[in-house]
Amino acid sequence: MVFCPFTISTAETGVIERFGKFNRLAKPGLGFLICGAEELAGRLSFRVQQLDVSLETKTMDNVFVTAVVSIQFQVLEEKAWNAFYALTDPRRQITAHVYDVLRAEIPNLELDALFEAKEELAQTVKAALAQTMTQYGYQIMQALITDLDPDQRVKNAMNEINSSKRLKFAVAERAEGEKILKVKSAEAEAEAKYLSGVGVAKQRKAIVDGLKSSIVDFTDGVKGSTSKDTLDLLLLTQYFDCIKDVGTDKRCKTTLIPFSKTTGDELRSSLLQAEMAK
């Protein structure tokens, strides 16, 4: 009897057949076969594997979308015989179940709802696969919907809708800000005018009180004078002060002349005399 050596890697098992019939499972390490009677029919890995499934289907609102689902699965050690002999191609089996579930679920959702329901769809796919694949010796670790890609024209339309909404919101916020600025400006202007009016009123009251005091003092100090004489004197004093200020200001190009004919004649004569004196 001749023995042939073989090795099995860690996290793997070897399927040994004798004369074409299953005989045993070989553990990791060095093993021996009876040459001519036994053979290493295959190997099974207990590592977690990943299968990416891509499919195109249509949503409830008639939008074609490409979905990518990642399935992570692992061979169950206690069901290694089933995993090796029950299915010819487990990856094709998993792909078929993913197609069946997604093409049954996605047409019931609109595009916007589809993006929100990714977790629910992934759990549905995982539950359906786990129920089927466990009996064949495979454990479904996780099902992840990694991508939902609608047609490019649909994505452009969605971006335009979102951009329009944001622009509308920005315009409303800008208008509200301008409204607040105008209201505050109007309130400030009203307050300024109010304070200015109060100041002018106080100024005029002070002037009136000063004139009143001056009239009373002059009337009491000069015998025979009347209130009218005092008022005329004050007005004349203010008149000459005004003329003086106008004449000394370098930027002033205007001279105020009284409308009274008598006073005008006198003033005109005074100006002519001053001109001749130069």
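Let's start with strand β2. Six of its seven residues are buried, so β2 is largely enclosed by the rest of the structure. Keep in mind that this is a predicted model.

What does β2 pair with? Take strand β3 to begin with. β2 covers residues 12-18, and β3 covers residues 21-26. The two run antiparallel, joined over five bridges. For a register point, look at G14: it sits opposite A26 in β3.

Now strand β5, residues 38-45. β2 pairs with β5 as well, again in the antiparallel sense, over seven bridges. Here the register point is E17, which stands opposite E39 in β5. So much for the partners of β2.

Next, the turn. β2 and β3 make a hairpin, with two residues between them. One residue to check in that turn is F19. Its phi is positive, about 55 degrees, although F19 is not a glycine. F19 belongs to the loop between β2 and β3. Is F19 buried or exposed? Exposed: the relative accessible area of F19 is 68%. The cut-off for exposed is over 50%, so a residue at that value counts as exposed. Put the two side by side on your screen. β2 has six of seven residues buried, while F19 in the adjoining loop is exposed.

There is another backbone angle to flag. N62 is not a glycine either, and its phi is positive, near 60 degrees. Where does N62 lie? In the loop between β6, residues 49-58, and β7, residues 64-75. N62 is exposed too, with a relative accessible area of 54%. So there you have F19 in the β2 to β3 loop and N62 in the β6 to β7 loop.

Last item: charge on the surface. Which residues form the negative patch? D61, E110, D112 and E116. Let me pick out E110. E110 is in the loop between α2, residues 90-105, and α3, residues 111-116. Its relative accessibility is 43%, so E110 counts as partly exposed. Buried means under 20% and exposed means over 50%, which means that E110 falls in between.

To recap. β2 is largely enclosed, and it pairs antiparallel with β3 and with β5. F19 and N62 carry positive phi values. And D61, E110, D112 and E116 make up a negative surface patch. That's the tour.

Key
Residues numbered from 1 in each chain as written. Predicted model: local features only at pLDDT ≥ 70, side-chain atom pairs only at ≥ 80, totals over all residues. Heavy atoms only, no water. Patch = residues over 30% accessible without salt bridge, like charges linked within 9 Å, V, L, I, M, F, W, Y side chains within 5 Å. Areas by Shrake-Rupley, 256 points an atom, 1.4 Å probe, with all protein chains shown as cover. Salt bridge = Lys/Arg side-chain N within 4 Å of Asp/Glu carboxyl O. Lys, Arg positive; Asp, Glu negative; His and termini not counted. Charge placed at Lys NZ, Arg CZ, Asp CG, Glu CD. Helix = DSSP H or I, 4+ residues; strand = E, 2+ residues; numbered from the N terminus. Buried < 20%, exposed > 50% of the residue type's maximum accessible area, 1.4 Å probe, protein only. Pairing = 2+ DSSP bridges.
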